[in-house]
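User: I would like to go through this model step by step, with the reasoning behind each answer.

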Amino acid sequence: MSGKIDIGQNKDHIGGNFEWEVEPNCKCGNLIHAVEEQFIFVGNFLIDGFNNFYMMPVAANGYPIRDNGVAITHCPWCGEKIKGKKKYITK
Ligand SMILES: [Zn+2]
């Protein structure tokens, strides 16, 4: 199939703009998929050595409810503490 982008072939580039130094692997595995699907975002602040994670709630009309995200510290699905860190590539 031409024209179809298979992101499964390139898991190192999540969201196309960063790689993980520490993947946020929780029990259920939903969290990392939510980041890949850009439902949960990874900030650039480090808390205890890990990046901050946040969600952008969207209203029924499709507009964000608030300007800044809602910080999350635990996986919304399984409740495990989120520990993920972006790899910063220095050139
Ligand atoms: Zn989980």
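User: Which residues does I40 touch, not counting residues up to four places away in sequence?

Analyst: This is a predicted model, in which local features need pLDDT of at least 70 and side-chain atom pairs count only at pLDDT 80 or more, while totals for chains, interfaces and linings use all residues. Residues are numbered from 1 along each chain as its sequence is written. Two residues are in contact if their C-beta atoms, placed from the backbone, lie within 7 Å. Leaving out residues up to four places away in sequence, the residues that I40 touches are L31, A34, V35, F53 and M55.

User: Which element gives the largest share of the largest nonpolar core?

Analyst: A nonpolar core is a set of buried Ala, Val, Leu, Ile, Met, Phe, Trp, Tyr and Cys residues joined through C-beta atoms within 7 Å; buried means that 20 or more other C-beta atoms lie within 10 Å of a residue's own, exposed that 12 or fewer do, and partly exposed is in between, with C-beta atoms placed from the backbone. The largest such core has eight residues, namely L31, I32, V35, I40, V42, F53, C75 and I82. Helices (H or I, at least four residues) and strands (E, at least two) are DSSP runs numbered from the N terminus, and two or more core residues come from each of α1 (30–36) and β2. The largest share, three residues, is given by α1.

User: What is the order of the strands in the open sheet?

Analyst: Strands count as paired if DSSP finds at least two bridges between them. Strand β2 (residues 40–47) is joined to β3 (residues 50–55) by five bridges in the antiparallel sense, and β3 pairs with β4 over three bridges, also antiparallel. The open sheet of three strands therefore has antiparallel pairing, and its order is β2-β3-β4.

User: Is D48 buried or exposed?

Analyst: D48 is in the turn of the hairpin that β2 and β3 form, with two residues between the strands, and its phi is near 55°, a positive value in a residue other than glycine. Most residues other than glycine have a negative phi. Because D48 has 6 other C-beta atoms within 10 Å, it counts as exposed.

User: Over which residues does pLDDT stay under 50?

Analyst: The predictor's confidence in each residue, from 0 to 100, is its pLDDT, and the mean for the protein chain is 83, with 80% of its residues at 70 or more. Where pLDDT is low, the predicted coordinates should not be read in detail. The stretch where pLDDT stays under 50 is residues 5–14.
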